[in-house]
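Okay, thanks for coming, everyone. I'd like to walk you through one sheet and a loop, so let's get the picture up.

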Amino acid sequence: MADSQDFREEVQRIGALVQEIESIADPAVRAATKNLVQSLMDLHGAALEKALEIVAEAGESGMHIIDRMGRDSLVSSVLILYGLHPEDLETRVAKAVDRLRPQLRKQGCEVELLGVNQGAIRVRVETGSHTCGSTAKTVQATLESAMYDAAPDLTSLVIEGLEEKPAGGFVGLDKLMSAPGASYQSVISGMPTE
């Protein structure tokens, strides 16, 4: 698999195959198929764990290799799947937030990790006074992508502070005209002249 897109497509394919297994009518065949998949997962997990132990025995250079594996998107995802990633969920999320800070600052936003609790992630974004709705949506998409890439094992993601804000100071003509006693003349007469 050349890139993370290939990996995502493969994960989707596996998900579809799991759904097919769940739809097998014969309960004995369905159970045998699930047992086969679980046995393969157990074997692969044990082999990966042993491989990491062997690499770690090399000392500092081995730990450097394990660290590099944890930063590779494909290897990292597999290590997370088997519960073998060298960093816990909170560390991975904190690093992802730190990597995003400079990019979000350029968009007039600050991001803060509020907490990670049993897989539930909470972040807060403070937007500048000139942040528009499209920027907020871009920031939300950027944050979601980074969090799911760093922590595909998260259970929930809450992003605070990106709720839609009213446009600063702008009042639409429809709002002015719907005010009690408003008429075209009263709205015009209240407008500043140049």
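First, a bit of vocabulary: buried means under 20% relative accessible area, exposed means over 50%, and partly exposed is in between, with a 1.4 Å probe and protein chains only. Bear in mind this is a predicted model, where local features need pLDDT of at least 70, side-chain atom pairs count only at pLDDT 80 or more, and totals for chains, interfaces and linings use all residues. Residues are numbered from 1 along each chain as its sequence is written, and side-chain values use heavy atoms, leaving out hydrogens and water.

Helices (H or I, at least four residues) and strands (E, at least two) are DSSP runs, numbered from the N terminus. Two strands pair if DSSP finds at least two bridges between them.

So, the sheet. This one is open, with three strands in the order E1-E2-E3 and mixed pairing. E1 and E3 are the edge strands, each pairing on one side only.

Let's look at E2 and E3. Strand E2, residues 120-127, runs parallel to E3, and five bridges join them. Across that pairing, Arg122 sits opposite Val158, and Arg124 is opposite Glu160.

Which side chains of E3 are buried? Leu157 and Ile159, which point to one face; Ser156, Val158 and Glu160 point to the other and are not buried. In a regular strand, side chains alternate between the two faces of the sheet.

Now the loop between E1 (109-117) and E2, where we find Gln118. Gln118 has a positive phi, near 50°, and is not a glycine. Most residues other than glycine have a negative phi. Gln118 is exposed too, at 75% relative accessible area.
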